[in-house]
Each structure stands twice: as structure tokens, then as C-alpha cells.
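Student: Please take a close look at one helix of this model and follow its contacts outward to the rest of the chain. I would like the cut-offs stated as you go.

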Amino acid sequence: MAPLIALLAGTALARIAGPLGVDALDGWHPALRVGLALMMVLTGVAHFASRRADLIAMVPPSLPRPDLLVTVTGVLELAGALALLVPATARPAAAGLALLMLAMFPANVSAARRGLTLAGRPVTPIGVRTLLQVVFVGAARAVALGG
């Protein structure tokens, strides 16, 4: 749920900053880029922090080198977050992040089916996770296609 809060709060705060004088954030599209970037920093940092072992465990057992996959996806999330903040790279970054989120979704499904935990709590149930995924990918798509 923390990624959703980061996306929504980051977008809202950036949107408020626009009319208050931060011209670069004056509009929903730039505000959404900031919210999505904040969400990706939050999730990307988790790949290297205290939740790393849980994320490695979430990788479907059929995939090789779960540790490397978690590292690579974390780097891609952080790089994508940075690229979202640069107008010239925001659209391709958002498209890439949408594809990355779709590619990582099976790990969430696998974790839910296997009854794993994340930070000591059960992972998000598949139905809720699917709805969140639609929101996250939709936000990335909106940035990729928006103006």
C-alpha cells in the first residue's frame, strides 16, 4: 500500500506546488511524473534495503539467480525514477517502467500463491495486487502518452 500512497501523495503535493510558483510542476502531467518517480524510488530502494531478502524470496522458483534479478530490477526502477524527472526522457522512461512492472507482476502473483511475507506481513492478495498493478501501469502509461 505504501507505493500507492507515494504515488498519490507525491502527485498531489507536486500538483499543489505548481500553482504555488513551481512552474515546472504546473499541470497534472508533470505532477504525475513526480508521483510516479517517488513511487519508483520507494520500491527501488527496497531492492537494496531491509526487504531485499523478502523480494528475493518472491521471485518465482523457476527463474534463475533471484538475487541478480532483484538487483537489476531495483537499478531499473531507480534509473527510471530519475529519468521521469527529466522532461526529455520522461515518456520513454514511463513506457519502460510500465513494461518492467508488467514483467515483475508474476513475482507478486507467485508470492501470494506461496503465502510469502514482506516485512513480516503477508504479501498483498492477488485481487488487490492486480488492482494496484492496473493503477501503477495506468499512471506510467499516462505519463508515457501524456503531454
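Tutor: Glycine 44 is found in helix α2, where helices (H or I, at least four residues) and strands (E, at least two) are DSSP runs numbered from the N terminus. This is a predicted model, in which local features need pLDDT of at least 70 and side-chain atom pairs count only at pLDDT 80 or more, while totals for chains, interfaces and linings use all residues. Residues are numbered from 1 along each chain as its sequence is written, and side-chain values use heavy atoms, with hydrogens and water left out.

Glycine 44 has 0% relative accessibility and therefore counts as buried; buried means under 20% relative accessible area, exposed over 50%, and partly exposed in between (1.4 Å probe, protein chains only). Its C-alpha atom is separated by 8.7 Å from that of alanine 81, a residue 37 positions apart from glycine 44 along the chain.

Helix α2 (28–46) also contributes to the surface. A nonpolar patch there is formed by Val41, Val45, Phe48, Val75 and Leu78, with about 380 Å² of accessible area together. The elements giving two or more residues to the patch are α2 and α4 (66–84). Patches are made of residues with over 30% relative accessible area and no salt bridge; like charges are joined within 9 Å and nonpolar side chains (Val, Leu, Ile, Met, Phe, Trp, Tyr) within 5 Å. Accessible areas come from the Shrake-Rupley method with a 1.4 Å probe, and for residues only the protein chains shown count as cover. Valine 75, placed in helix α4, counts as partly exposed at 46% relative accessibility.

Next comes the interior. In soluble globular proteins, nonpolar side chains tend to be buried together. Here the largest nonpolar core has 24 residues, and those with the most contacts inside it are Leu7, Leu36, Met39, Leu84, Met101 and Phe136. At least two residues of this core come from each of α1 (2–17), α2, α4, α5 (87–113) and α6 (126–145), and α6 supplies the largest share, seven residues. A nonpolar core is a set of buried Ala, Val, Leu, Ile, Met, Phe, Trp, Tyr and Cys residues joined through side-chain atoms within 4.5 Å. Alanine 93 lies in helix α5 and counts as buried at 12% relative accessibility. The C-alpha atoms of alanine 93 and alanine 83 are separated by 5.8 Å, with the two residues 10 apart along the chain.

At the start of α2, the charged end of arginine 15 sits over the ring of tryptophan 28, 5.4 Å from its centre; the rule asks for NZ of Lys or CZ of Arg within 6 Å of the ring centre and within 35 degrees of the ring normal. Arginine 15 also forms a salt bridge with aspartate 26, the closest N and O atoms being 3.2 Å apart. Because arginine 15 lies in helix α1 and aspartate 26 in the loop between α1 and α2, the pair ties together parts that are 11 residues apart in sequence. Aspartate 26 counts as partly exposed, at 46% relative accessibility.

A salt bridge is a side-chain nitrogen of Lys or Arg within 4 Å of a carboxyl oxygen of Asp or Glu, and the count comes to two. Aspartate 67 forms a salt bridge with arginine 65, with 3.1 Å between the closest N and O atoms. Arginine 65 is in the loop between α3 (52–58) and α4, and its phi is near 50°, a positive value in a residue other than glycine.
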